[in-house]
Every structure is written in structure tokens, then in C-alpha cells.
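Trainee: Could you walk me slowly through the charged side-chain contacts in this one? I'd like a close look, with some reasoning along the way.

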Amino acid sequence: MGFLHIGQNVMLEDKRIIGIFDLDITSQSKLTRQFLTAAEENSVVLDACEDIPKSFLVCDHPYHRQIVYISQLNTQTLLKRAQEEGEKHLCQNAKK
């Protein structure tokens, strides 16, 4: 099991991450804007940034259908961190 740091001391369990999305690109879509608006109305959006938001992550959650995390990190940084965490996890499993 690995974790992904998405900013502001927020760590997400990698197996709970459904998707990582670029906020600039996806916010141009009417459906994405509707999705994010509905998530805010349902109080399932959590802010993990102190600067301009650049991405959002959709995660499953044991008590809610989905949780949306807003991050100041761009998607490339998050994907690189996820990949590095996955490689570290593979190496640890190989040693067992």
C-alpha cells in the first residue's frame, strides 16, 4: 500500500485514487463544471492547496461515494510522485 502526497500535508492512499485531472483543461467542459459544482454542493470537495489550484483528484471513500481533492500541484507532478511511490512499493515487495 502506498500513499500520494498532494499538498498541504494531505496524503491519499493510492488504491483510493480514481483519477487525477488537470483543472485548466477539464474545467472547459460543461460536464466537468457540473460535476465539480455538484461535489461542492454535496460538501465532498476538500482543499489541499494554499496557492492557485491546478488539479483535482477523485477518490473513492468508505463513507461517501466520492471525494474530490483540489491540489496546487500539476498533474505531471502528481503522476510522477505516484509512479515513484509505485516503484518504491514494487522494490519493497521484491525484497520480501
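Mentor: Sure, and keep in mind that this is a predicted model. Let's start with aspartate 60 and arginine 16, whose side chains meet in a salt bridge, with N and O 3.4 Å apart. Now find the two partners along the chain. Aspartate 60 sits in the loop between β5 (55–59) and β6 (67–71), while arginine 16 sits in the loop between β2 (10–13) and β3 (17–22), so this contact ties together parts that are 44 residues apart in sequence. How open are they to the outside? Aspartate 60 has 29% relative accessibility, so we call it partly exposed. Arginine 16 gets the label partly exposed too, at 27%.

If you're wondering about the chemistry, side chains of opposite charge can pair when their charged atoms come close.

How many salt bridges does a search of the whole structure find? It finds two, so let's go to the other one, between glutamate 13 and lysine 15. Here the closest N and O atoms are 3.7 Å apart, and that counts because the cut-off is 4 Å. Are the partners buried or exposed? Glutamate 13 has a relative accessible area of 19%, and because the cut-off for buried is under 20%, it is buried. Lysine 15, on the other hand, is exposed, with a relative accessible area of 61%.

Stay with glutamate 13 for a moment, since it turns up in the strand pairing as well. Strand β1 (residues 3–7) pairs with β2 in the antiparallel sense, over four bridges. Glutamate 13, in β2, is the bridge partner of phenylalanine 3. The hairpin of β1 and β2 has two residues between the strands, and in this hairpin glutamine 8 takes a positive phi near 50 degrees.

One more contact helps to fill in the surroundings, and this one is between rings. The structure holds one aromatic pair. Phenylalanine 21 and phenylalanine 56 have their ring centres 5.1 Å apart and their planes at 25 degrees, so the pair is stacked. Phenylalanine 21 belongs to strand β3 and phenylalanine 56 to strand β5, so the rings tie together parts that are 35 residues apart in sequence. As for accessibility, phenylalanine 56 is buried at 3%, whereas phenylalanine 21 is partly exposed at 31%.

Now go back to the salt bridge we began with: aspartate 60 is in the loop that follows β5, and arginine 16 is in the loop that leads into β3. The stacked rings lie in strands β3 and β5 themselves.

Technical notes
Residues numbered from 1 in each chain as written. Predicted model: local features only at pLDDT ≥ 70, side-chain atom pairs only at ≥ 80, totals over all residues. Heavy atoms only, no water. Buried < 20%, exposed > 50% of the residue type's maximum accessible area, 1.4 Å probe, protein only. Phe/Tyr/Trp six-rings, centres within 6.5 Å; stacked < 30°, edge-to-face > 60°. Pairing = 2+ DSSP bridges.
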